[in-house]
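Colleague: Please take a close look at one part of this model. I would like a single connected account of a loop residue and of the contact between the chains.

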Amino acid sequence: MSGIGVSGIGVSGSGRFLRANPLLATGGMIALLIVLVAVVAPLVMPYPADAGAATHPEMALQAPSAQHLFGTDQVGRDVFSRVLAGTRVSPLVALFVLVIACAVGISLGVLAGYFGGIADEIIMRVTDIFLAFPPLLLALAFATVLPANLTSLTIAIAITWWPWYTRLVRGQAASVAGRPYVEACRALGIPSWRILLRHVLPNSITPVIVQVSLDFGGVILTACALSFLGLGAQDPTPDWGLMVAEGQNYFTTQWWLVTFPGLAILVTALAFNLLGDGLRDVLDPRRVLIR
Amino acid sequence: MIRYVIRRVALAFAVVAGVVILTFVISDVVPGDPAASWAGPHASAAQIARARQYLGLDQPLAVRIGKYFAGIVTGNWGTSIHTHRPVLSDIGTAAPATLELVIAALVIAILAGVPLGLAAARWPGRGLDHAIRVGSVLGVSMPVFWLALIFQLVFAQRLRLLPVAGQYDPNLVFSHPLTVRTQLPVIDSLISGNWAMLGSTLTHLILPALVVAAYPAGVIARMVRAQVLDTVGEAHVQMVRSLGFPERSVFGTFAMRLAWNPVAAVLALVFAYSLVNTFLVESIFDWPGLGSYAAASVSTLDTPAIVGVTLFVAAAYVAANLVVDLVQAALDPRIRLR
């Protein structure tokens, strides 16, 4: 807890922060590394063309070696290059999903919490219906009926994710709406949209920030799972879930096809989950969430 | 209490009705043509039109929703397009296998998660606590479909410790035929004393159940740790400690008793998660459950089957939540008054 306060002092401060929150620090560093790789991926990939539709049949299914650290896939593409390029696929999908889900979920939650009454009733009953589905299931149903590509995947997951934020924000907004300073604003004749933007929204948003950081790993897992089922990215997109699915047929003899993309999913989800977990401990120690 | 039960049950029914409408609307915007896939690849335009009429796809949306609702209430969940069998009987055939897998996974998750969470809470901030916390986050971050493939490769194909796939050894059907009573092979072989079959079903169950258990075990360990840490600070637990009870019973008996309630609440959630995770694992292990059925339905654009499975799982989830709510309300009067 005290780590953040003293981190400004210098080296000893950050060292203390590291010791007080080793999981947060580890998660944060790996997450930062993944973001960095995503930014510079085209420059550090040993075979940039292999991230796309390139084929080298003469080099198909080679075991890991000095030339191909993670081996080659069924059409001879370098798996290492494709795993690096994958940092730009599912993490980016997760980012868009969370932006859309927050935009929709937060606005509806603030409206429901602030105005109450019939609007609250309708929004929250619709939210209940969406929350009655386990997230992956509803995304699966939507992804099935949409054409299989990354845009559909993003939309399908976003549709299932917003109600969690609505519920979270609604409770906060309702309690803020009853506070004396909001009543004072109303008495002064300040228009509702201004009260909402200037007072209710900023005061209801902290739990959402914590939740978003916790959800990032979960959304990546969902996106990769749907791609694994063939409902998201399509070949030659270097998506980790898709690479695991494609490698499945060769898995008994060519273990590297499935192992490395799957490890990339695991490490990414793990880094962001550790980061979110640690952030919650620091920002909001009283909350215990399980999603 | 009765008023609370009535209100809660009514709400659950309203949610399920909303779920039906939502799934139907989803399935109705299918871009592919279910009538064409029903009629087969070489059907003429007239045959497709006849199939469309037969399947009721030419009627207005409101009529079809009305009919679907009426059908669900009377047990007619439509006909699967790829198996050409009633969806409800397909689900009835597949559900027991999934149920067996999920229950086995939850038992493993509780047996692993509760002691780990307790151990972490007993020595918070120490090495063991950190290791268990990392382990629980690892469980929650695991792509289950990948873990399934890795386990299959390592334990079945390389080490040859466990069978690769299936529910039991098909050769045993001839030497030790299984008397089917409950549709659950483990239970069936147990009650009929078919020990060879019991051994085979259990060894086939281990790998998929371990894979599905990874997520709930992580969630339960995390939840138990947080709850027990909360509870040991409370006055009555401090009192027990000051009376000289050994640490073992302070944690194992007094703190844990209060931690059970939130753990029970989490069980409904992890049940739903595990159910859906079987969708990713079953086809890998060739497990004849709902997940394999759903995967096959997705690839054939089988609208009635997808809607049926989605509805079934969502209804099971709502029911699990309802049961947990009612049990909690029975245990804790404060909940009823909210």
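Modeller: What follows describes one residue of chain B, then the side of chain B that touches chain A.

This is a predicted model, in which local features need pLDDT of at least 70 and side-chain atom pairs count only at pLDDT 80 or more, while totals for chains, interfaces and linings use all residues. Residues are numbered from 1 along each chain as its sequence is written, and chains are lettered from A and ligands numbered from 1 in the order in which they are written.

B:Q167 sits in the loop that joins α7 (144–158) to α8 (172–175) of chain B; helices are DSSP runs of H or I with at least four residues, numbered from the N terminus. B:Q167 counts as buried because 22 other C-beta atoms lie within 10 Å, the cut-off being 20 or more, with C-beta atoms placed from the backbone. Outside the four places in sequence on either side, B:Q167 is in contact with B:A97, B:P185, B:T201, B:H204, B:W287 and B:P288, where contact requires C-beta atoms, placed from the backbone, within 7 Å. Between the C-alpha atoms of B:Q167 and B:S200, 33 residues apart along the chain, the separation is 8.1 Å.

As for the two chains, 43 residues from chain B and 37 residues from chain A take part in the contact. On the chain B side, at least two residues each come from α1 (2–28), α6 (127–140), α7, α10 (195–232), α12 (247–281), α13 (290–299) and α14 (303–331). That side has 35 nonpolar residues, 7 polar and 1 charged; Ala, Val, Leu, Ile, Met, Phe, Trp, Tyr, Cys and Pro count as nonpolar, Asp, Glu, Lys and Arg as charged, and the others, Gly among them, as polar.

How values were computed:
A residue is buried if 20 or more other C-beta atoms lie within 10 Å of its own, exposed if 12 or fewer, and partly exposed in between; C-beta atoms are placed from the backbone.
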